[in-house]
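Dear colleague,

Please find the structure below, handed over for your own work. My notes on it follow directly after.

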Amino acid sequence: MTTIAPPAQRESAAHDVRGAHLDAVDVSAWFGTKKVLERVSLSMDPGVVTALIGPSGCGKSTFLRILNRMHESVPGAQLAGEVRLDGTDIYGPGSRLIDTRKQVGMVFQKPNPFPTMSIADNVAAGLRLTGTKVDRRARAEIVERCLSRAGLWSEVKDRLGDAGGALSGGQQQRLCIARALAVEPSVLLMDEPCSALDPSSTRRIEETIAELRYDVTIIIVTHNMQQAARVSQQCAFFLAEQGQPGGIVESGETDRIFGDPRDRRTADYVNGRFG
Amino acid sequence: MSISLHTADVPRSLRPVHTRGDRIFRLGARGVGAFVLVLVGAIGLFLGAQLVPTLHRYGLHFFTENRWIPNRDIVGVSAAILGTVEVAVMALLIAFPLALATALYISEYAPPRLRNFLTLLVDLMAAVPSIVYGVWGYFQLQPYAKLISRWLAEYVGWFPLFQVPGGQPHSASWPKSNFVQSPFIASLVVSMMVVPLACAVMRNVFAQAPLHEREAAMALGATRWGVIRSVVLPFGRAGIVGGTMLGLGRALGETIAVLLILSTSYDLSIHPLHVNGVTLSSFIANGFNEATSGQLSALLAAGFVLFCMTLVVNTLAAMIVNRSRSGATTEI
């Protein structure tokens, strides 16, 4: 169903590409008895930003949450298939939930910093939560590096002790990106990270995504077609027919999906005829 | 050209139109609310009024005298105030970790089906009459609790609070009667009544900890304990304090269980493990039958002291809970 051209990698060959290879194989998902995803397979390469697009309720967020085992935190949620992180099934018997989530970070739709923690503590929260011991100086370096990578350092460097909840929405979201980066994930999932933000904050986050592209494999869910076209090199179009579980209609290089879609439904969607 | 009719640039009165049903309901609700206020106020006034004849008769000695000897007309509440605080604080020290752990288990660890059952069980604890707790404490708990008292006296007895005068905990034939009917055992029983109250408040607050913050912690690779530490406890801090203080209010006023267990004496001493003691409520209940009219005023004045203590504690608790983070700061 899904054939992924090895795209955009010619371009990335010039860079030092880090990040992990993520491979979803025949992933199905249920909430209780309701099947919401049907046999989704998608290969996500390092150095490539993958955008998941599609109308609401097509299962793209569910798919995203399966990639770091957040799906199973919902009561009644089940799944089938495999998700291979650099070849190892994250649902396999040898994989620990906590290790998976450490390696596959996530940024949510609604900015969710810990509101009573300071900005610096927010960034370092992942270290504390995962029991990573660092001394004060290393911690300060991590805080600065991650805030810089998330494009927030210059705005907050003089008030690292302020509460994370006191920042603006766009700043909070970049703080969340910095927090996710602090545990050094090899994959970063973003679930509509800009949908609650104004245009200039959105642009800022898109720049951040572009800067992080070679450091960490990024998979982003977005409702915004222009955003998908701007930030991603690979794109997967999800669709759920009436009453049916969702699945991938078409995936491939972003330029091709937008410029020359093979499926009529993809063409209708990317040209704004529905959804 | 049209002429503006509203030439005066002053705020218009915006008067909402109420239907008759609205007005009747509003009046009724207001009346009930006012009735509660009046009732509490009247109780306070009635008790407070007793202070006047009491202070007139006994002077400020009423607060400093510890003894209660009706036939010599020696009346004072200092021992009772001390004992009340002693029992309440100990009950809280025992109840707090129990309530916190129970609330955390129910809201964070228990599987959903067990969660409802456990909630019901804990709520049931609140429904057990205090006389039943008293009897249970006296006959079931005391035989074991006195062993704890002895152990404490034996190993930490060097600390004044754990001393039992004449207890000889080291000797093989330790005088058991010195270790029973003590404030410690009374507070054990009272703590069982405090736990469900404090637990219910804590559980409610923990359950409100925002999902998106929990998910933030989980996505960073936090364990359940990590989520609790970074999200649930900071969010629920006010509920923990408030629930505990609400429990304290309950512990201060508990009467019948304390009366059953504590053998009354009016000594001004702090030996919680040692037999004997008195609290304000047990003081009142004890003295009620043998009091002359002047002494009755004194007992009611003692009630006023208790009333004020619980009022302050409960008001503080309500203030702390109300000032807690209602989620306003988490919104963007």
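**Findings on the two chains**

Strands E7(A) and E8(A) run parallel and are joined by five bridges. In one of these pairings, Leu188(A) has Ile218(A) of E8(A) as its bridge partner. On the other pairing of interest, strand E3 (residues 49-53) of chain A also runs parallel to E8(A), with four bridges between them. There, Val49(A) stands opposite Ile218(A). Please bear in mind throughout that this is a predicted model.

E8(A) is mostly covered, since five of its five residues are buried. Thr217(A), Ile219(A) and Val221(A) point one way from the strand, while Ile218(A) and Ile220(A) point the other way, and all of them are buried. The prediction is also confident here: among the elements of chain A, strand E8 (residues 217-221) has the highest mean pLDDT, at 95.

These strands belong to an open sheet of six strands in chain A, in the order E6-E7-E8-E3-E9-E10, with mixed pairing. E6 and E10 of chain A stand at the edges with a single partner strand each, so one side of each is left without a neighbour in the sheet. From one strand to the next, the twist averages 15 degrees. In general, the strands of a sheet pair through backbone hydrogen bonds, either parallel or antiparallel.

The antiparallel case appears at the E10 end of the order. Strand E9 (residues 234-239) of chain A and E10(A) run antiparallel and are joined by six bridges. Cys235(A) stands opposite Gly252(A) in E10(A), and Leu239(A) has Gly247(A) of E10(A) as its bridge partner. Although strand E10 (residues 247-253) of chain A is an edge strand, it is mostly covered, with six of its seven residues buried.

At the E6 end, helix H7(A) lies across E6 and strand E7 (187-191) of chain A. The helix runs at about 170 degrees to E6(A).

**Where the chains meet**

The interface involves 26 residues of chain A in contact with 19 residues of chain B. On the chain A side, at least two residues each come from helix H3 (97-103), strand E6 (104-107), helix H4 (119-129) and helix H7 (169-182). By residue type, the side of chain A that touches chain B divides into twelve nonpolar, ten polar and four charged residues.

Helix H4 of chain A contains Arg128(A). Is this residue buried or partly exposed? Arg128(A) counts as partly exposed because it has 19 C-beta neighbours inside 10 Å, where 20 or more would make a residue buried. Its C-alpha atom is separated by 20 Å from that of Gln173(A), which is 45 residues away along the chain.

**Chain B**

Chain B has twelve helices and two strands. From the N terminus on, its elements run α-α-α-β-β-α-α-α-α-α-α-α-α-α. The C-alpha trace spans about 105 × 60 × 30 Å along its principal axes. The radius of gyration of chain B is 26 Å, whereas a compact globule of 332 residues would have one near 20 Å. Of the 332 residues, 42% count as buried. Among contacts between residues at least 6 apart in sequence, 77% join residues at least 24 apart.

One residue may serve as an example of such contacts. Ala251(B) is found in helix H9 (residues 224-253) of chain B, and it counts as buried because it has 29 C-beta neighbours inside 10 Å. Leaving aside neighbours within four places in sequence, Ala251(B) is in contact with Val87(B), Ala88(B), Ala91(B), Leu92(B), Val190(B) and Val194(B). The C-alpha atoms of Ala251(B) and Val85(B) are separated by 9.1 Å, although the two residues are 166 apart along the chain.

**Confidence in chain A**

Chain A averages a pLDDT of 89, and 95% of its residues score at least 70. Where is the mean pLDDT lowest among the elements of chain A? Helix H1 (residues 9-12) of chain A holds that place, with a mean of 49. Over residues 1-5 of chain A, pLDDT stays under 50, and the model has eleven contacts beyond four places in sequence for this stretch.

With kind regards

Notes: Residues are numbered from 1 along each chain as its sequence is written. Chains are lettered from A and ligands numbered from 1 in the order in which they are written. This is a predicted model: local features need pLDDT of at least 70, side-chain atom pairs count only at pLDDT 80 or more; totals for chains, interfaces and linings use all residues. Two residues are in contact if their C-beta atoms, placed from the backbone, lie within 7 Å. Ala, Val, Leu, Ile, Met, Phe, Trp, Tyr, Cys and Pro count as nonpolar, Asp, Glu, Lys and Arg as charged, and the others, Gly among them, as polar. pLDDT is the predictor's confidence in each residue, from 0 to 100. A residue is buried if 20 or more other C-beta atoms lie within 10 Å of its own, exposed if 12 or fewer, and partly exposed in between; C-beta atoms are placed from the backbone. Two strands pair if DSSP finds at least two bridges between them. Axes are lines fitted to C-alpha atoms, for helices over the stretch in contact, and angles run from 0 to 180 degrees between N-to-C directions. The radius of gyration is taken over C-alpha atoms; the globule rule is 2.2 Å times the number of residues to the power 0.38.
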